[in-house]
Amino acid sequence: MIPLSGASLQPTQQAAAFVSLSNLGDASVMKILLASPRGFCAGVNMAIESLDLALQMFGTPVYVYHEIVHNKYVVETFRDRGAVFVDHLTEVPEGALLLYSAHGVSPQIRELAASRKLKTVDATCPLVTKVHLEAIRYAKLGYTILLIGHEGHDEVIGTMGEAPESMLLVETPEAVDALQVPDERKVAYLTQTTLSVDDANRIISRLRVRFPHIDNPPKDDICYATQNRQEAVRTLSSEAEIVLVLGSQNSSNSQRLAELARESGKKAHLIDGASDINAAWFRGDETVLVTAGASAPELVVEECIELLKRLFGATVEARMVRREEVFFPLPRELRSAGDKHSSTNAHFAGSGASRTSDGS
Ligand code: SF4
């Protein structure tokens, strides 16, 4: 568990907190702008619920290929309950239960799992599956597919595995100039779901100049949750002096939120939870924008808010930029079980005590 209270601060942090508090006048208190949408998206909710149900139905261990979602708190909570996260299928005993995470897997991993007679549950986010299907379609039509994304990310590895001979990874606008393709009239681009919208658009603009005939899917690959969380930061950060993004360092969409805040000239900290907060970051009278990446539980958001209330007497103002009502069904293998078992998402949801009128 992540330590929650001000007492869990390091001594230097406590001293800084004392200085900050002693400097506060009666009229000056910190204001928290609580961004919405923030936190869990529909894909993460579905993946977490799937792992919870698999543990309830089949008992421990349940093996998970890579982290279920890129969040330290979520992964540690499930590890404590008997989930085993693996990077190689050789770590999974023959015939055992294996769950594919929200980021998806390549066909090669599915084949390997079948050859080891693993029982599998596929918790890939449907919006990641959409990108896989687009890759398969373009490859069948003989296109070279330019995948805009970050090398080494689980989702990129899985998507590229669908058509490795037809795909090239593009990470920057500069990389576009060096691309070599067999037929410049048969080129299409796809994107990772969790990119910065602005960065992706810079690369796409360059691609359109270099390949005027380039094709792309009718609907964006950058998912609704990534776009909405970025829109909230873009809209609200002008009103804040500091931005706190709840999320893990290996969470792509959380990293993008912190980068976006910094690009708008704000100090931004990407933190896993309240114990990462350093009171010396604050004067105590500023406006702080608080948001969370798509894999960060509401519980850790609430813990941070409680800490800032205790240290600085912070007040909270909820600001909803866009309403989200997206839901993805459970994987087929678990659907009937979902009616009989309760979900663990309550473990990550927080008490709701600090929730405000946005209803999120
Ligand atoms: S961030 Fe988007 S693509 Fe990733 S799991 Fe959530 S909804 Fe799916």
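In this predicted model, Leu-334 is classed as buried because 23 other C-beta atoms lie within 10 Å of its own, where 20 or more are required for that class. The residue belongs to the loop that joins strand S12 (315-320) to helix H12 (335-340). When neighbours within four places in sequence are left aside, the contacts of Leu-334 are with Ser-50, Leu-53, Ala-54 and Val-121. A further relation across the chain links Leu-334 with Met-57, since the two are 277 residues apart in sequence while their C-alpha atoms are separated by 9.0 Å.

A second region of the model is an open sheet of three strands, arranged in the order S7-S6-S8 and paired in parallel. Its edges are formed by strand S7 (167-170) and strand S8 (187-191), each of which pairs on one side only. On average, and with direction ignored, neighbouring strands of this sheet are turned by 25° against each other. In general, the strands of a sheet pair through backbone hydrogen bonds, in either a parallel or an antiparallel manner.

The pairing between strand S6 (residues 144-148) and S7 is of the parallel kind and extends over four bridges. Within this pairing, Leu-146 has Leu-168 of S7 as its bridge partner. The sheet is also accompanied by a helix: H5, which comprises residues 126-140, lies across S6, S7 and S8, and its direction makes an angle of about 170° with that of S8.

Conventions: Residues are numbered from 1 along each chain as its sequence is written. This is a predicted model: local features need pLDDT of at least 70, side-chain atom pairs count only at pLDDT 80 or more; totals for chains, interfaces and linings use all residues. Two strands pair if DSSP finds at least two bridges between them. Helices (H or I, at least four residues) and strands (E, at least two) are DSSP runs, numbered from the N terminus. Axes are lines fitted to C-alpha atoms, for helices over the stretch in contact, and angles run from 0 to 180 degrees between N-to-C directions. Two residues are in contact if their C-beta atoms, placed from the backbone, lie within 7 Å. A residue is buried if 20 or more other C-beta atoms lie within 10 Å of its own, exposed if 12 or fewer, and partly exposed in between; C-beta atoms are placed from the backbone.
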